[in-house]
Structures are given as C-alpha cells and as structure tokens.
Amino acid sequence: MRKFFYLMILALMPMCFVACGSDDDEGGSSSNSQLIGTWYEYGSSYIHAYCFNAGGTGWEGEWRKGEAEEHEPRTWKVAGNRLLIYNPTDGDLTDDLIYSISADGRTLTLMRSKDGSLEGVFTKK
C-alpha cells in the first residue's frame with residue numbers, strides 16, 4: 001500500500017509544476033480589464049475616441065464637434081505597458097502606444113512609443 005501511495009505522489013508531482021499559459025498579452029485579458037470600455041478625448045473642435053472590447057476587438061473614431069460619429073474597426077493587444085492597435089482588414093499595426101491608467105481607472109494616457117510624444121489623455125465613459 002505504501003508503494004502505491006508513493007507511486008501516486010510521484011505521478012502527480014509534475015502537475016504541481018505545470019502552469020497554464022499566460023494570457024497577459026492578449027487583448028481583453030483580466031489583467032487588461034481596466035482598458036475595456038470607451039475612452040474619449042475632447043479637444044476644442046474635435047472628439048477622438050477608442051473603444052476596447054473584451055477579446056481584442058474595438059474601434060477608433062475622430063470627428064469634428066457637430067459632425068456625425070465615424071468609427072474605424074480595430075483590434076488590439078497589450079504587451080507589457082504597450083498598447084498595440086491593428087487594422088483588422090489588413091492586419092497592419094496602426095498604433096504602438098505606451099499606456100497608463102489612473103488609479104481611479106477613469107483616465108487613460110497614451111504616448112507614442114516611437115518618440116514619447118503625447119497621443120492624448122482620454123476619459124472613460
């Protein structure tokens with residue numbers, strides 16, 4: 001009986017060291033749940049918006065105040081502190097941004113990773 005018990009322990013031990021693959025870099029993963037939603041930047045004559053859905057889909061829109069809203073479909077994923085936004089039609093990378101979210105989860109700051117310039121400060125709606 002002891003031999004069987006020890007064999008079972010030896011057989012089950014490798015399972016203790018196996019982990020599921022990390023999905024931290026996938027759009028919409030639980031670690032990126034603060035990004036999920038629609039974010040707006042209001043300029044003096046324009047509105048710029050991003051919508052991030054769970055599963056890595058969404059849209060981007062920019063329009064002049066008083067005009068009809070227009071949205072372009074986008075896909076997205078997170079890699080560390082970088083937010084990668086793609087055109088789903090051709091798969092081209094449209095934006096490579098460094099992002100940060102305020103402690104209260106209501107403000108998203110986006111900087112261009114290429115030169116560190118400000119893309120915008122967005123408010124969650």
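**Notebook: Tyr42, Glu41 and the barrel**

I began with Tyr42, which counts as partly exposed at 46% relative accessibility. The model I consulted is predicted.

I next looked up Tyr40, which is buried, with a relative accessible area of 17%. The two verdicts follow from the cut-offs, because buried means under 20% relative accessible area and exposed over 50%.

I then searched the whole structure for aromatic pairs and found 4. Tyr40 and Tyr42 form one that is stacked, at 5.9 Å centre to centre and with 20 degrees between the planes. I also noted one aromatic cluster, made up of Tyr50, Phe52, Trp76 and Phe122.

I turned to Glu41, which I located in strand S1, residues 37-42. How far from Glu41 is the nearest side chain of opposite charge? I found Arg112 in that role, 8.1 Å away. Glu41 is buried and has no salt bridge. Leaving aside neighbours within four places in sequence, I recorded that Glu41 is in contact with Tyr46, Ile47, His48, Glu119, Gly120, Val121 and Phe122. Phe122 is also a member of the aromatic cluster noted above.

I followed Arg112 to strand S7, where Arg112 stands opposite Leu97. Strand S6 (residues 93-101) and strand S7 (residues 107-112) run antiparallel and are joined by 5 bridges.

Finally, I traced the overall strand order. I found a closed barrel of 8 strands, running S1-S2-S3-S4-S5-S6-S7-S8 with antiparallel pairing. From one strand to the next, the twist averages 35 degrees.

Key. Residues numbered from 1 in each chain as written. Predicted model: local features only at pLDDT ≥ 70, side-chain atom pairs only at ≥ 80, totals over all residues. Heavy atoms only, no water. Helix = DSSP H or I, 4+ residues; strand = E, 2+ residues; numbered from the N terminus. Buried < 20%, exposed > 50% of the residue type's maximum accessible area, 1.4 Å probe, protein only. Lys, Arg positive; Asp, Glu negative; His and termini not counted. Salt bridge = Lys/Arg side-chain N within 4 Å of Asp/Glu carboxyl O. Contact = heavy atoms within 4.5 Å. Pairing = 2+ DSSP bridges. Axes fitted to C-alpha atoms, helices over the stretch in contact; angles between N-to-C directions. Phe/Tyr/Trp six-rings, centres within 6.5 Å; stacked < 30°, edge-to-face > 60°.
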